[in-house]
Amino acid sequence: MNGAARTRVSAALFRRPWLRAGLLLSGPTAWFVLIYLGALFLLFLSAFWSVDSFSGKIVHSWTLTNFETLFKVSAYRTIALRTIGIAAAVTVTDIVLAVPFAFFAARIASRRLQAALFVAVLIPLWSSYLVRVFAWRLILAKEGVLNWFLGQVGLGSVNIGYSNWAMWIVFSYIWLPFMILPVWAAIERVPESLIEASADLGARGWRSFRSVLLPLILPGILAGSIFTFSLTLGDFITPTLVGGAGSTFIGNVVYQEVGISNNVPFAAAFATVPLVIMGIYLLVARRLGAFEAL
Amino acid sequence: MIGSGRWSRIAFAVWAALIMLFLFFPIVIIMLYAFNPSNVQSWPLSGLSTRWFSSTWHNTEVRQALWLSLRAGLLATGVAMLLGTMAAFAVDRFRFFGREAVSLVLVLPIALPGIITGMALNSFISFNSLTFSLLTIVIGHATFCIVTVYNNVLARLRRTQSSLVEASMDLGADGWQTFRYVTLPMIATALVAGGLLAFALSFDEIVVTTFTAGAQNTLPIWIFAHIRNGQQLPQVNVVVLFVILVSLLPVALAQRLTRDTGVLRSGRGAPAPGPARATAAPAIGAGAAP
């Protein structure tokens, strides 16, 4: 293109902002609509299809069989309840661990310590997820660090590797930074004067926390819980690596149905369970103002 | 007041120290295991040695997996940098229908549970009868990497003044020249930072990859398979040490490049605490992913 033509093109573009916006948006939109949103929609549709038991091919006619199986077979109910239960337990644990830490980081620590703590929270957040799960598998194993330590202090040994307890610990560990950061940000935004006022009015530490600080940082806690809850709901790596015989998650079933049984419709139907739960959760969280804290 | 008494301050400090211990202890342990001289994965280690490093280095499976991970990461990063920048410019410079939804849609692939993103892409691939290959891995990774570039570039754009662009146009530069000599230098470091983070995300992703890779192994899939089968664990440990170092390096670099926006803190989901908050990207759902 020569200089004059280039000037004409850029002038034409300059005069037509909608054209520039359209050109800029075309790439990302095409990618997301065609590949991702299309795929999500397809996934949702296929939950209402079924698989021909002889040919193994997907039958494209509407049926609710998959959902019926989900509700009727008690094993699937148990798996769904276990997944939701552990996701909830992990969320509560992370809140309990994160709030005092975030309070220290936001209100008590010096500026320099704050910066150091911040990097220290980011490092686990960004280091490999798989690697950290593997680390816990070694720590909790029978011959691992935990039992060695308990032996050293004379407490005998525990056998919690490959169990729901192990999953609870590992999930709480893995997602903790996702809870710390929004809570930290929320505590930082609370004006000091409000807490002072509460103290002036005679509230002691616990009362100030419960009646003043907690309601103000609730959106931050909810924002963190979106991550801890959602990420646990959809996981299958941790149950595979540190879970035991009775630790199957929704994700494991989905993975097996897709990878081994090749029953995509059933997998899709089961995958809608976390999807629907997260949908409801997000709606509630939005009403409570969690999105402003994201 | 909360945390004003001497003892309560000490209690909070102890709690914070314990949390730090909790966060770092497993990482230190797993790094030590790479130096385990024994075949047996038990604690305490019988000593420290680098005897598994060379056999790991010469393991062809590991090399192939590493090569695939690097190619997939670089290609996905390339796509993400292009599409993420386009989306960031559109959102920053224009008002259009659905503008508020862009951030939300871009973050979906990592905000939704991994199996859902993975399954959706899996059905996309089989529906279009694509062969599972490097291409399908790249499609999957690029989809969830776009958001990191988008967040970084958008944060930088919000901090730069559009008057610079106008000045450039007034001085006779055409659109391309303005982009090349004014806009690009302004966003360059944010763009690179976003790319680095995208690469880090891609390099250790496993859930989506299991649904989009065929028979080949990326490094995380190789690790996962070998942990599960309990094979070649000493070499797995060495690879794991390598993965930790490789995934932290881009993050450290990205952090240096984006001191102004502090977007790293929000780049992976959580919002930014700290003094930079006021100017940092309002990282609506900036996404989170294992």
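In this predicted model, helix H4 of chain A meets helix H10 of chain A through residues that include A:Thr83, A:Ile84 and A:Ile86 on the H4(A) side and A:Phe209, A:Leu213 and A:Ile217 on the H10(A) side. The residues of this contact divide into 14 nonpolar, five polar and one charged. Chain A and chain B bury about 9000 Å² between them. The domain assignment splits chain A into domain 1 and domain 2, and chain B also has a domain 1 and a domain 2.

**Helices H4 and H10 of chain A**

- H4(A) covers residues 74–108 and H10(A) covers residues 205–233.
- The two axes come within 9 Å and cross at roughly 135 degrees.
- Angles from 65 to 115 degrees count as roughly perpendicular and those over 145 as roughly antiparallel, with the rest outside the parallel range being oblique; H4(A) and H10(A) are therefore oblique to each other.
- The crossing of H4(A) and H10(A) is right-handed.
- Further along H4(A), the contact residues include A:Val90, A:Thr91, A:Asp94, A:Ile95, A:Val99 and A:Phe103.
- On H10(A), the contact residues also include A:Ile221, A:Ser225, A:Thr228, A:Phe229, A:Thr232 and A:Leu233.

**Helices H7 and H8 of chain B**

- H7(B) covers residues 162–170, and H8(B) covers residues 175–203.
- Their axes come within 10 Å and cross at roughly 145 degrees.
- The crossing of H7(B) and H8(B) is right-handed.
- H7(B) contributes B:Leu164, B:Val165, B:Ser168 and B:Met169 to the contact, while H8(B) contributes B:Gly175, B:Thr178, B:Val182, B:Thr183 and B:Met186.
- The contact of H7(B) with H8(B) has five nonpolar residues, four polar residues and no charged residues.

**Contact between the chains**

- Chain A gives 99 residues to the contact, and chain B gives 99 residues.
- The size of an interface is often stated as the accessible area lost when the parts come together.
- Of the area of about 9000 Å² buried between chain A and chain B, carbon and sulfur atoms give 82%.
- In chain A, the residues that lose the most area to chain B are A:Trp31, A:Tyr36 and A:Trp126, together 10% of what that side buries.

**Domains**

- In chain A, domain 1 runs over 3–46 and domain 2 over 73–293, according to the domain assignment.
- The C-alpha centres of these two domains of chain A are 38 Å apart.
- In chain B, the assignment gives domain 1 as 1–30 and domain 2 as 61–278.
- For chain B, 33 Å separate the C-alpha centres of domain 1 and domain 2.

Conventions:
Residues are numbered from 1 along each chain as its sequence is written. Chains are lettered from A and ligands numbered from 1 in the order in which they are written. This is a predicted model: local features need pLDDT of at least 70, side-chain atom pairs count only at pLDDT 80 or more; totals for chains, interfaces and linings use all residues. Side-chain values use heavy atoms; hydrogens and water are left out. Axes are lines fitted to C-alpha atoms, for helices over the stretch in contact, and angles run from 0 to 180 degrees between N-to-C directions. Helices (H or I, at least four residues) and strands (E, at least two) are DSSP runs, numbered from the N terminus. Angles under 35 degrees count as roughly parallel, over 145 as roughly antiparallel, 65 to 115 as roughly perpendicular and the rest as oblique. A crossing is left-handed if the near helix is turned anticlockwise from the far one by less than a right angle, and right-handed if clockwise. Contact means heavy atoms within 4.5 Å. Ala, Val, Leu, Ile, Met, Phe, Trp, Tyr, Cys and Pro count as nonpolar, Asp, Glu, Lys and Arg as charged, and the others, Gly among them, as polar. Domain bounds come from an automatic or database domain assignment. Buried area is the accessible area (1.4 Å probe) that two parts lose on being put together, summed over both.
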